[in-house]
Amino acid sequence: MSLKYAYYYTLFFVVCSVFTSTLSIANDSLTDILNAINKLERKSEPKCYATASRLEDFMFGTPLDDNARFTKNILQKQFIERIWQGSSLLATNEQEDVILSSHIDKVISEFFNSKEESSGHWLLTFKEGESLIIHKDDKRQYASIAYSLRAILAVQQNNLLDFNSTLLPLSELAIERLKDGLDFFTLAALKVADNKAKLDNESMISVDNIALVWQTLSGVGSQEQKTQKQKNNKHQYEKIEPTLVQQMADKKLSAYAQYNKVNNQLFLRNLQVYFARVSWPQNKAESTQIINTFSDLMSVFSGELYKGAQQLAMSKNLRVISEKSVYSFAKKAIPHRVNEYEDVLFFPNLLKDEQIYLESYDMDAFRDAGVHWQYLTQAILSPNFDVYIEPDPFAAELIVENIAQYGVLLLRVAGYQAIALGDDRLKEEHLMLATKLIKERVVKHSKYKAESTKESLILSSGSTAVIQNSTEKASFVDSTSASGVDFEHKSSDWLNRQLRSFIKKDAATGIITIPPAFGGSGVGVEDINNDGYLDILLLGGRGNKLFINNQDGKFFDKTAQYNLQWNRAEDGHPGEVRQPLIADINNDGWQDIIITYVNDTHRVYKNIDGIKFKDVTVISKLGGEGKVGGPATLFDYDNDGDLDLYITYFGNYLRGDLPTLKRRNSNGGANQLFENKGGFIFKNVTANSGLDNTGWTQAVAHTDINNDGLQDIIVGNDFGVNGYYINNKNGQFTEISYQLSTDKPSYTMGIGISDLNADLMPDFYISNIVTMNKDETYILPNEDTKQKFNAEKLAFMKVIEANDLFLSSIKDNKQIYEVSHNVERGYSSTGWSWDADFFDYDLDGDDDLYVLNGMNEFNLYSSKNPYYRDSNDQIKQAYMPVSAKEENVFFENSSGKLNNVSKGSGLALLSNSRSASYFDKDNDGDLDIVINNYHESAVLFENQIASKNSKWLKVKLIGDPEKSVSLDAIGAKVIVSLPDGKKIWREVRSTDGYLSVHPKEQHFGLGTATSVDLEVYWPNGKTQVITQVSANQKVEIRL
């Protein structure tokens, strides 16, 4: 061999050796990263893409839109690459072959420093001096999911594809520190972006928001120049082996096996019972054929999904399949939308009857066995499958997420086909028919052209908010002390003892599941003694109190005088009270009282000439013993001139009942309808009425939904779907939430009613929450799986605002309700909301909204937050965690939306509020507020707006039982016409919101109008018109 050839051979050998050595070290680093992900997911559950995304959305309350999430993940990768590059340079200067944790720490410190405080929370200080606190539990929960490790893996993936890369491999400790640093930084960015979204009144974190925040904190923006350069340099794609996908799948399957320990028989049961919802073939050959066919169909779909995403990525000259490429193709392959519960709605643009809704727990159960990863590898490892590029780790997670979604969809549709054909067992034929139907709907969905529709508007009287533009004092002032209203709510003695028994545990019993026992009691306001001044009834487990209005701004406790004290025979203590009802039950002109209880008979009191009450509970026979009674309402369901009673129930924590994961829970106990037979005698007529809703009811309301003159019922359910019941005029009710488009999953706490769009139909504000208990786990869950209420884990539950404003509208000549987004978020958010009610605080002729917030009771069960009092009623470490999220939030109606004007209103009460009543305590024409707080003192807010010379009118309707209208005229409607043509709608109701009773006299703000016209629509169909009614007075109108 010549010297020249020997030289080139040696040079080639050295270069190859160096390259091989470098590649080997890089692959070792890749293995270390994969092992780190595997180690994390074997310990803390291999969370799916949807659950991981949901936790980010729940972390601070504002979700990221899809493109913002993709951008966030890209920014994470860029951040990792920058830290990695800086650390590589440090290591090289120190002549190290690998990056050490000290190198990572030094580079990260150029961006921010983290310090653990004595509380365990973390103080982050950034280079420009900005600082913020990251809660220790936010850090712990976020770190339990491999967000940052996926970003590190993605950068290493790019490193292996870039022959010019100078990144050194990471040591195991360096990987850990890099993950930790990115977790901190991402949490900081999400927290700041959340706050910015609230201030900008954005319901979601946008691309611009997260990019701006990220760049402000780090100086790292998106790499547009690099992207443009990639476009100019076309990649030459060649077939490759999907090595990384195989490695990720192997590690994932290992993590699923270790964490979930899925039983194959249990998984097969889920396939038939919960996915397909028809029986499996008994014949083994048929069963095997179905399994094989299903596997083949899943492999085909997985391959098509991969190929489609790959083609999109290659068309954009990418070296890896991006998350957005998968998302874009999947939206066409199986059009779908994921909601805040991780449920999936397929074919969202088609008619409701053609849409398919799948609950998250079914897809969770499908994923628990890891089969979605198996279907992916089965597809791409088949002999004729061409792989040119691999997905980055985020994209890989999204691919298998869509595979799992399709798997449950295919089985569910196959089950529908079996039922349609009258077959009681699943067949291969059903799978093939399902595949065909899904494809047909995909094609139909692709041809859908969205119609331009206008959102129903809120009509406001003014263009600017009074409070926002006022330099004067707050509109409401706390006048509790001066008023004499001295009341503190506590739970009853027996319930306190029962709750404490739930937290007893030892090594033998382990952790006890807590049945949901949400407490809190109601408040009602009415004129008890007919003196023209409104009185207050406050309920609580230490005894109820009736405060009589002294007509001079003060109230006096007259409970004993009015004979409203009652103690249980079992223990000599007051019971656990829930809902007050104040109405003229026997049509004698005096307001009577009904009070619902938990585990005691619901009590009924007859008003004797306004000077005392007579207990007639024994006559009424309403039951309640051994049950968890709750909200109730009085209404004349049969239009016979007297008031009937509807009582709802909330599961039964007395027996330890638990709701299941089912979206429409039906094990909460049947609600009861009672017909008023006269003389305080009630007959249970629930059977065949249609009102035996068995959800976990937290709120109830009556209103005329369809404007036919009859009162309908709305049942607000926790752990379920609300029921909207239309009165059929024959003693029966029909549930029509599906037809009204109000049938969304809900954790309802309150129902507020108004007419915001001035169409003379009721609109609804549903106070609602969505929760995420990140620390809780379910293996192979299904709709029958009971929810877990572990005290220690519930203490760290995430709660986000999810209140819904439904505005009435007509579409295709049918009445429907649409969710309005014309509700401003402002600096604060509605947290765990309870009562939510409308009233015209500023007398300008439109309704404003006050939302009460308060912590849940689960924090009281936790050993970290002991219950208020011991068995001797002594305070023990009294602590009630509240935060800005538990401030009550006040919205003023202006400029076509409900604007958050809590600051400056005087109503941003930091408390655990539950129920409220709006009433004119001093007859000055404006509405004041009394609030019953949970385990805290009641508060009375006085409205200062009357001094601004706005006009008002109060209307008291008096019905005639002989003409089939109750004396209280419940169900009647009053419409005020202003001189400018605007109409104001009111309806006489017995209850509102959450456990709340307002006066039945109707209050109108008239703005500057000095006279108005009135129309009264009585429940018996009669109408009265009264013209030129002067402002600033109370008028009585008799039927």
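Helix 3 is followed by Gln 95, whose phi is positive, near 60 degrees. Helices here are DSSP runs of H or I with at least four residues, strands are runs of E with at least two, and both are numbered from the N terminus. The model is a predicted one, in which local features need pLDDT of at least 70 and side-chain atom pairs count only at pLDDT 80 or more, while totals for chains, interfaces and linings use all residues. Residues are numbered from 1 along each chain as its sequence is written, and side-chain values use heavy atoms, with hydrogens and water left out.

At the N-terminal end of helix 3, Asp 65 acts as the cap, with a side-chain oxygen 3.2 Å from the backbone nitrogen of Asn 67. The helix covers residues 66–93, and its 28 residues should span 40 Å at 1.5 Å a residue; the end C-alpha atoms are 41 Å apart, which agrees. The expected span is 1.5 Å times one less than the number of residues.

Helix 12 can be described in the same terms. Its 32 residues, 284–315, should span 46 Å at 1.5 Å a residue, and its end C-alpha atoms are 46 Å apart, which agrees. Asn 283 caps the N-terminal end, placing a side-chain oxygen 2.8 Å from the backbone nitrogen of Ala 285. After helix 12 comes Asn 317, with a positive phi near 65 degrees.

Confidence is given by pLDDT, the predictor's score for each residue from 0 to 100. The chain has a mean pLDDT of 87, and 87% of its residues reach 70 or more. Over residues 3–23 pLDDT stays under 50, and the model has three contacts (heavy atoms within 4.5 Å) for them beyond four places in sequence. Residues 224–229 also stay under 50, with one such contact. Where pLDDT is low, the predicted coordinates should not be read in detail.

A last topic is the interior space. The second largest cavity is lined by 24 residues (each with an atom within 4 Å of a point on a 1 Å grid over the protein atoms alone, where a 1.4 Å probe fits but cannot get out). Phe 838, Arg 986, His 998, Gln 1002 and His 1003 lie nearest its centre. Elements giving two or more residues to this lining include strand 31 (833–839) and strand 42 (1002–1007).

Methods. Polar contact = N/O pair within 3.5 Å; in protein donor to acceptor, adjacent residues only side chain to side chain. 1 Å grid on protein atoms, 1.4 Å probe; cavity = no way out; pocket = protein on both sides within 12 Å on 5 of 7 lines; lining within 4 Å.
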